[in-house]
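Please open the model in your viewer and keep the sequence beside it, since this tour moves from one selection to the next.

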Amino acid sequence: MNAVMAILMLLVGAYLVAVLEGWVSTGRLRPAGPITSGLALLGRESVVPRRPDRIFFEVAPPLLLVAALLAAAVLPLSPGLIVADLATGALFVNAAWVYVMVALLMAGWGPNGAYAMVGGFRFLGQTVGYSMLIVMALTAVAMRAESLFTTEVVKSQAALPNAIYQPVGFVLFFLAAMAVAFLPPLDLPTAPGELAGGVMAEYTGWRLAVMRLGRAVLVVTLAAAVSVFYLGGWLGPVLPPWAWSALKTLLVAAVMLLLGRYVPRLRETHVLEWGWKIGIPLALLNIFYVGVLLLVV
Amino acid sequence: MISGARQARLNFFRRLVARAQARELAALVVPDPEAARTMGVDLEAAGLRTSFTPRHADVLVLTGELPPGLKKAAAVAYAQMPRPRAILAVGAGHVSPLPEPNVSVGTGQEDVAAGVAELRRIFARSAFSTEAADFDLDAVRTQTEYVCPMHPQVVRSEPDSCPICGMDLVPREAAGGNGHGTHHEGMDHGGHDGGAGASHGEHEGHDEHAGMERGEQDEGHEQMDQGSDDEGEGQRGHEGMDHGEMSGMGYGGMSHDGMDHGGHGGMDHGDMGFMSMVEMTQGTPRSSDGLQMEWAEDMPFGPLFPGLPGGLALTLTLDGDTVARAEAEGVEGWAFAEDLAGPAEALAGRLARLDPLSPVAYRVLAWRALESAAGVEPGERTALARVGALEKERASSHMGWLSLFGRLIGYSWLESRAGTLQLALARAVDADEVARLRGDGAGLARRVEWTPLLRRKLGGVGVLTEGSERSGPVARGAGVPKDARTDEEVYRSLGFEPVVRDGDDALSRLRVRLAEVEQSLDLVGKAGETAVPELAADPKLSSAGSATVETPRGAAALRVTLEGGAVEGVELDTPSARHLALVRGVAEQQELADALVAVASLDLSPWGVDR
């Protein structure tokens, strides 16, 4: 039951994210947009490029979707509404997101096209840049909750959400989450102007539809993760818990989608340089700072 | 019926899908959306989303008269588009080798909007049809040649054995049957790749059939869907074209089998068993980091690449994501200097058609050269009107560049805002209307200046070597106050001072153009006129004359020799032709994204380049 509810909520979330994304990119709000564009994609040929690596080519789009769905399974919508409340929940999301990298690398290699391949390898580099930030920011969150249960993490924020308690970790995690979802300005693997779509360039028809769905679900789960780990998840006055979760998730997703519109794409070297030279020291400081807070306050 | 209908019987579901597709048309614009806006055509407003790749487009939009090279590139892109697909011609003439456009309209915005509406109707009605025809394009036909797995220099057109080692030659694909194919041969497809070719092909066949079951039973449809079932039929579907004429297509469809897939291809499916890495990479070019497996030879970025002006054919050899070699060419088959001979009256019109990105500047250039031949000076009013027209065009051209540049660097706000202003400028009818846009131009400049991360993105990218010949904004972005306008009386009387910025990189060029937009809009206001009166001089004489005009891209010089009212000899020197030589210097040994930014920052007009 929980699983069905969670998947339903995810799909609704992905739908709203798709509407938001259309609004951000075209300036027109079209509530029916995702339905018509989805149908249109289903009606188009799904071209298989010449001499692809067939397994990689076919597996990449569903793998992206599955990776996003897996992460969603351990994120609570309300106290009782969680698919799997794992003792290693906070670690599990991270493990699931790693498969995003695998999926994109496969999508880059599989279709046998240069733009896609450059895109795929770019994301591999990007992963090196962001992955430490995700883990280290989550470490500080788990320290405060004294648990890796995602539900415990939410409860630990009853007095003060983590976004205020550890703002540095919040900002780092937020940016790293945008990198996981390859949203602009961190859209290095797809880079419309530089790679004509990169890892998505060779996918058409229903395969592209699956890939876009996977991306939308990924954005929702990342936004949900930000809300669970830093914004107190379902906690909030007046409204029912699930509504708070949904509101916070959508708000985070909207900010993520909007931010990239006003800045140019980052250079690959900067993603790595800033991730390691600035991000990791800051994340370590954050862990230290949270440790001091926990011991002293 | 649309020319690119998908073969299928219409049923309830497909009717629904076709209607959805009609609402969601995505367009691949040839040459590019900026060129369309120069003509005052706004495709977004007409209801077409612009697409970055032919793989995600359903409508090919041809704007204006296209040279043969671009038509060919458009045909390859069309072949890459998934069916159902259609063609919309906006003020385009003959489009062969493309099929006849499904809808042809003029260049007015209402015409285009009506054309898109018509396109939607026919899309909804006939996206699926049982009589769908294939698009057969020579450029994308696959040819097979035979090569020795151990000696890549041994290439035959028939099956044979190697004269050196006696091994049987293995088939591989050759580039398309045209002149371009030749210089790719033997480079992309290292010898190791050949072994994979044949067996991989068979393999494919099975996979394809397995992949067909996806819920649709009619066979005809599936057949079309997967044109690559076997190699021989490559030309039928658009699968085939991936290996076609590589420099002609400009999108991701190119093959890179040779350079990296050869690796796993050879191992997984090779006929000859194990092959070590050393053997496989033998004879392939050595890159600076010593990792040859990631070497990608001659990748086309253009002539239809989303981040570069349409028509500019940039060919990059990639070493991982570093550009090892760069080469840029203009529009293939475009009428150039030798075609400019003829009656003197028509010279201005012909010169203006030469570069659709800045027709006014070339028209004025022709007039000035003819006036210089006749030994007359234009009146003050004429001179002022020309200033107004030139500066309006400069502002509009810079806006178009900003929009394109915004797309390249992923700054979507800039892309859409600059596009809007470019369109407003293109549609402004008089000087007052143009001058009123000054506030918007200044606002855009301020906002771009304060954009976070922009300096880090552009600073130090595209620095030219000492002594490179620069002109226009590229020179002024290097701190050199080089501007043909400073020599002109009329500009001096308007208080003109060239805009100069230090830096000599993509950032300083961006700043120069931003400041010049404001300056140009100011000058239009002062000139008070944007309509250019016709030529004042009577060119019915035998003489020679020369003139220089500061086009939006730099100084263009023209020298004409007249013989009894007819143009005998023309010498044209365009800024883009000079700047094209800078491409190698700014792109090579740079990271791919930086190389593209550097090339784009030069604002090359592919039209102003002899090829």
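Select B:Leu318 first, which you will find in strand β12 of chain B, a strand covering residues 313-319. This is a predicted model, and in it B:Leu318 is buried, with a relative accessible area of 2%. Add B:Leu464 to the selection: it lies 146 residues away from B:Leu318 along the chain, and the C-alpha atoms of the two are separated by 21 Å.

Next, stay in chain B and colour the open sheet of four strands, whose order is β14-β17-β16-β15 and whose pairing is antiparallel. Which strands stand at the edges of this sheet? They are β14 (342-343) and β15 (543-551) of chain B, and because each has a single partner strand, one side of each is left without a neighbour in the sheet. Follow β15(B) to strand β16 of chain B, residues 554-563, to which it is joined by nine bridges in an antiparallel run. To look at one pairing by itself, select B:Ala547 together with B:Leu558 in β16(B), its bridge partner.

Now move to chain A and show helix α4 (residues 89-109) with helix α5 (residues 114-145), which pack with their axes 7 Å apart and at an angle of about 170°. An angle over 145 degrees counts as roughly antiparallel, which is why α4(A) is described as roughly antiparallel to α5(A). Display the side chains where the helices meet, including A:Trp97, A:Met101 and A:Leu104 from α4(A), and A:Phe121, A:Leu124 and A:Ile134 from α5(A). Taken by type, the residues of this contact between α4(A) and α5(A) comprise 17 nonpolar and four polar ones, with no charged residue.

Methods. Residues are numbered from 1 along each chain as its sequence is written. Chains are lettered from A and ligands numbered from 1 in the order in which they are written. This is a predicted model: local features need pLDDT of at least 70, side-chain atom pairs count only at pLDDT 80 or more; totals for chains, interfaces and linings use all residues. Side-chain values use heavy atoms; hydrogens and water are left out. Helices (H or I, at least four residues) and strands (E, at least two) are DSSP runs, numbered from the N terminus. Buried means under 20% relative accessible area, exposed over 50%, partly exposed in between (1.4 Å probe, protein chains only). Axes are lines fitted to C-alpha atoms, for helices over the stretch in contact, and angles run from 0 to 180 degrees between N-to-C directions. Angles under 35 degrees count as roughly parallel, over 145 as roughly antiparallel, 65 to 115 as roughly perpendicular and the rest as oblique. Contact means heavy atoms within 4.5 Å. Ala, Val, Leu, Ile, Met, Phe, Trp, Tyr, Cys and Pro count as nonpolar, Asp, Glu, Lys and Arg as charged, and the others, Gly among them, as polar. Two strands pair if DSSP finds at least two bridges between them.
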